[in-house]
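Work through these exercises with the sequence and the 3D view side by side. Try each task before reading its solution.

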Amino acid sequence: MPGHQCYHCKQWVEEGEAHDCWTTTEAALTRDLSEDLQEAYERLRESAMELGEQRVYASHHSIMFARKACYFFVRPRKSYLEVCLFLGRPVKAPQIKRVENPSRAKVANLVHVRHRDEVEAPLTDWLREAYELPDRLAAAAAAAKAPQQKPRAPAKKAATAKKAKVRTAGRKKAGARKATPPAVARKKGARGSRR
């Protein structure tokens with residue numbers, strides 16, 4: 001019977017058989033964890049939910065915590081929970097195992113959690129910082145746009161006024177050059193009357 005091997009999980013899928021290895025659940029990802037890791041995950045989840053409204057969903061091998069976008073995720077491993085926090089800066093601390101730059105605005109800081117007692121400050125502080133990062137980025141973007149728009153209009157007016165002054169001054173100078181001084185006019189008039 002024809003079929004194919006799944007590109008992601010390498011499982012053989014018979015023709016017509018339903019298969020979606022990306023669809024999973026939070027319970028399925030945490031089911032086989034040790035008791036210590038399950039307790040650590042529950043404490044981590046509770047700490048995250050206290051921060052405010054968000055979505056929690058499973059995707060492939062990770063449990064995502066998101067507002068409009070994911071602000072951190074947990075990847076359960078056999079001996080630890082890999083926690084990836086998206087912050088606006090790299091963190092230098094013994095808990096941070098690796099730092100990656102997935103984008104210009106966010107820095108991924110990876111922490112390994114092995115026990116529920118590790119889910120406390122500074123990890124909970126970093127969670128809050130990651131949760132609040134979208135608000136700070138939006139405020140910074142708004143602040144960056146606001147000053148650029150306001151000075152442009154007055155700057156254009158000032159530049160236009162400056163150009164007008166230069167034009168007026170230029171006309172006056174040009175007019176002064178073209179105008180004949182009175183003494184010269186008298187001499188020309190005198191010559192004309194002699195003829």
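**Exercise 1: An unusual loop residue**

Task: Where is the place of His60?

Solution. His60 sits in the loop between strand E3 (55-59) and strand E4 (62-66). Helices (H or I, at least four residues) and strands (E, at least two) are DSSP runs, numbered from the N terminus. Now check the backbone. His60 is not a glycine, yet its phi is positive, about 55 degrees. Most residues other than glycine have a negative phi.

Before going on, note the ground rules. This is a predicted model, where local features need pLDDT of at least 70, side-chain atom pairs count only at pLDDT 80 or more, and totals for chains, interfaces and linings use all residues. Residues are numbered from 1 along each chain as its sequence is written, and side-chain values use heavy atoms, with hydrogens and water left out.

**Exercise 2: The chain as a whole**

Task: State how many helices and strands the chain has, and their order.

Solution. Count first: four helices and eight strands. Then read along the sequence: β-β-α-α-β-β-β-β-β-β-α-α. Next, confidence. pLDDT is the predictor's confidence in each residue, from 0 to 100. Its mean over the chain is 80, and 69% of the residues reach 70 or more. Helix H2 (residues 35-49) has the highest mean, 96. Helix H4 (residues 182-194) has the lowest, 54.

**Exercise 3: Leu87**

Task: Decide whether Leu87 is buried or exposed.

Solution. Locate Leu87 in strand E6 (residues 81-87). Recall the cut-offs: buried is under 20% relative accessible area, exposed over 50%, partly exposed in between (1.4 Å probe, protein chains only). Leu87 counts as buried because its relative accessibility is 0%. Across the chain, 27% of the 195 residues are buried.

Now list partners. Contact means heavy atoms within 4.5 Å. Leaving aside neighbours within four places in sequence, Leu87 is in contact with Ala105, Lys106, Val107, Asn109, Trp126, Glu129, Ala130 and Leu133. Finally, compare sequence with space. Leu127 is 40 residues from Leu87 in sequence, and their C-alpha atoms are 8.8 Å apart.

**Exercise 4: A peptide bond**

Task: Which kind of peptide bond joins Ala121 and Pro122?

Solution. Find Pro122 in the loop between strand E8 (107-113) and helix H3 (123-178). Then read omega for the bond from Ala121 to Pro122: about 5 degrees. The bond is cis. Most peptide bonds are trans.
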